[in-house]
Amino acid sequence: MNDQVKPPAGLRFPNDVVFNGYAAPVRIEGHVHDLEVIGTIPPELDGVYFRNSADHAYPPLHGKDIFLNGDGMVHKVSIRNGHADLTTRFVRTRKLELEREARRALFGAYRNPFTDSAEVVGEDANTANTAVMWHHGKLYALKESGRPYELDPEDLSTLGESDFGGQLKSKTFTAHPKFDPLTGECIAFAYNCEGIASDEIEIYTIDKAGQFTSTERFKAPYCSMVHDFLVSRNYIAFVICPMICDWERVQKGEDYWHWDSSKKTYVAVIPRDRGVSGIRWFTAPKVAMQTHSFNAWEEGGKLVLDHFVNDSGWLSQFPDLHNPNAQELPPFGERWTVDLESESDRVDIQRFINHIGEMPVVDPRFAMQRTRHYWFGTSNPELGPMLEHGPKGPPFTCLGHFDEQTGEIDLYYAGPDSSPEEPCFVPRSPDAEEGDGFLMTMVGRRAENRTDLVILDARNLKQGPLAVIKFPCRVHEGFHGIWVRSSSLGAEGKA
């Protein structure tokens with residue numbers, strides 16, 4: 001099980017799609033003071049954009065790997081008075097520290113401890129590579145298979161793994177916490193709570209001071225990848241989809257996840273005031289996988305879940321249990337509705353964004369209620385050619401804005417050989433109307449092997465960038481990012 005591919009002399013990465021070209025590891029920790037700016041950075045932007053990425057520090061132990069298994073590398077772009085600075089730094093996880101000391105990879109396949117080197121048996125393989133969280137005045141790097149790592153927001157140095165002062169009982173913590181814009185609470189969860197395959201899910205409510213006010217567990221119908229969830233004003237909802245983990249397969253060295261289309265897709269609805277004692281289960285009319293969520297809201301006794309969904313599972317990363325030749329299908333924006341006043345377990349499904357997309361965003365000030373504006377990453381061959389598939393699948397070429405009131409989709413095309421990543425919405429001011437603000441996105445300039453941070457008018461994407469912040473180098477493709485105002489950082493003059 002722990003047989004290793006003998007590494008070549010020196011450090012050398014494999015010659016495959018995960019480690020070649022624009023996807024190749026970057027591994028640069030550094031700081032650039034005063035980045036080049038094309039256009040004018042809006043004066044309202046005074047703060048920091050933090051973004052996490054998976055950047056392999058060492059060639060994989062067994063010769064191949066998936067991009068999800070890279071080491072957490074956080075990128076920070078500080079913006080003030082029309083100027084921007086860049087800082088990049090690895091999260092110093094226990095895994096990374098052990099491998100740096102050994103100068104080679106010690107941990108094996110994604111989330112599979114049975115493929116690790118003997119010298120790290122029992123050690124934590126958390127890469128802290130997926131998202132960042134700012135809450136109760138602290139910055140955290142997140143990965144759903146481990147606990148958060150606290151970072152210094154000034155220089156991104158790692159302060160250590162966090163259990164929130166002994167309050168977090170689970171060994172894991174979601175990469176997609178939700179934040180109540182009215183109360184300042186963080187609603188979060190964990191699955192595979194003890195670090196191995198399990199049907200248990202733990203839910204937390206964390207007040208704005210960082211105190212856990214509730215911790216509860218419930219059982220799902222089966223062990224599933226639960227990457228994201230949804231929260232409305234009064235309810236929490238989980239989509240349990242058949243991206244399953246069979247621990248016996250993991251012990252044999254197989255992939256951690258498999259798509260099992262023989263299982264049904266379920267929705268758990270939990271009242272925020274009553275907790276898991278009031279849980280209700282609904283059954284979707286199709287087998288589907290939630291990729292990421294926009295928002296949840298209530299209307300007329302019904303709970304509405306807006307998210308991106310595909311009908312195939314994440315087959316670009318993990319195999320289909322029954323059909324090795326199955327192909328991943330693209331996600332679309334779907335609206336799933338459950339009637340809380342009916343005894344029926346039915347889920348009504350409507351495609352409300354009839355355009356492929358992923359990495360969804362709404363104006364966070366209006367979360368947990370019905371929203372008008374939706375942003376996402378996408379492509380449109382009418383605006384420019386599709387790019388060559390990378391380790392994540394087909395890269396975006398555009399960002400999209402769907403205005404549900406008008407029914408129109410507005411697109412920003414990033415240009416030839418350019419791939420935007422997840423959009424990040426920043427309101428123009430704290431009291432601006434919904435959608436009035438800016439959209440930020442990292443854009444990979446593939447022909448130049450370089451990265452930009454592009455700033456757009458969130459309600460007028462097609463007009464193109466208001467400003468392009470040019471990086472002199474490439475930073476690794478990432479996952480999820482956040483904007484934190486300087487006033488929230490408590491760092492006037494330090495952003």
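## Pairing terms and ground rules

Two strands count as paired if DSSP finds at least two bridges between them. Strands themselves are DSSP runs (E, at least two residues), helices are runs of H or I with at least four residues, and both are numbered from the N terminus. With that in hand, here is a first example: A190 stands opposite E202 in strand 12.

This is a predicted model, in which local features need pLDDT of at least 70 and side-chain atom pairs count only at pLDDT 80 or more, while totals for chains, interfaces and linings use all residues. Residues are numbered from 1 along each chain as its sequence is written, and side-chain values use heavy atoms, with hydrogens and water left out.

## The protein as a whole

Let us start with the overall picture. The protein contains 33 strands and 3 helices. Its C-alpha atoms fill a box of roughly 65 × 55 × 50 Å along the principal axes. The radius of gyration is 21 Å, which agrees with the value near 23 Å for a compact globule of 495 residues; this radius is taken over C-alpha atoms, and the globule rule is 2.2 Å times the number of residues to the power 0.38.

Of the 495 residues, 58% are buried (buried means under 20% relative accessible area, exposed over 50%, and partly exposed in between, with a 1.4 Å probe and protein chains only). Contact here means heavy atoms within 4.5 Å. Among contacts with a separation of 6 or more, 62% come from residues 24 or more positions apart.

The protein exposes about 20,100 Å², and carbon and sulfur atoms supply 47% of that area. Accessible areas come from the Shrake-Rupley method with a 1.4 Å probe, and for residues only the protein chains shown count as cover. As for charge, there are 51 positive and 72 negative side chains, and the centres of the two sets lie 2 Å apart. Lys and Arg count as positive and Asp and Glu as negative, leaving out His and the chain ends; each charge is placed at NZ of Lys, CZ of Arg, CG of Asp or CD of Glu.

## Strand 11 and its open sheet

Strands 10, 11, 12 and 13 form an open sheet in the order 10-11-12-13, with antiparallel pairing. Strand 10 and strand 13 (212-219) are the edge strands, each pairing on one side only. Strand 11 (residues 186-191) is mostly covered, with 6 of its 6 residues buried. In a regular strand the side chains alternate between the two faces of the sheet. Here C186, A188 and A190 point one way while I187, F189 and Y191 point the other, and all are buried.

On one side, strand 11 pairs with strand 10 (residues 178-179) in the antiparallel sense over 2 bridges. K178 stands opposite I187, and F179 stands opposite C186. The hairpin of these two strands has 6 residues between them, where G184 takes a positive phi near 80°. Strand 11 also pairs with strand 12 (residues 200-206), again antiparallel, over 6 bridges.

## Strand 31 and its partners

Strand 31 (residues 450-457) is largely enclosed by the rest of the structure, because 8 of its 8 residues are buried. R450, D452, V454 and L456 face one way, and T451, L453, I455 and D457 face the other.

Strand 30 (residues 437-445) runs antiparallel to strand 31 and is joined to it by 8 bridges; G444 stands opposite T451. The hairpin of strand 30 and strand 31 has 4 residues between the strands, and N449 takes a positive phi near 50° there. Strand 32 (residues 467-470) is joined to strand 31 by 4 bridges, also antiparallel, and V454 stands opposite V468.

## Two loop residues

L168 is found in the loop between strand 9 (158-161) and strand 10. It counts as buried because its relative accessibility is 2%. Leaving out residues up to four places away in sequence, L168 touches R147, P148, S162, D163, F173, Y204 and F212. L168 and T215 are 47 residues apart in sequence and 8.6 Å apart in space, C-alpha to C-alpha.

H322 is found in the loop between strand 21 (302-310) and strand 22 (332-339). With a relative accessible area of 48%, H322 is partly exposed. Beyond its neighbours within four places in sequence, H322 is in contact with D260, S261 and S262. H322 and H258 are 64 residues apart in sequence, with their C-alpha atoms 9.2 Å apart.
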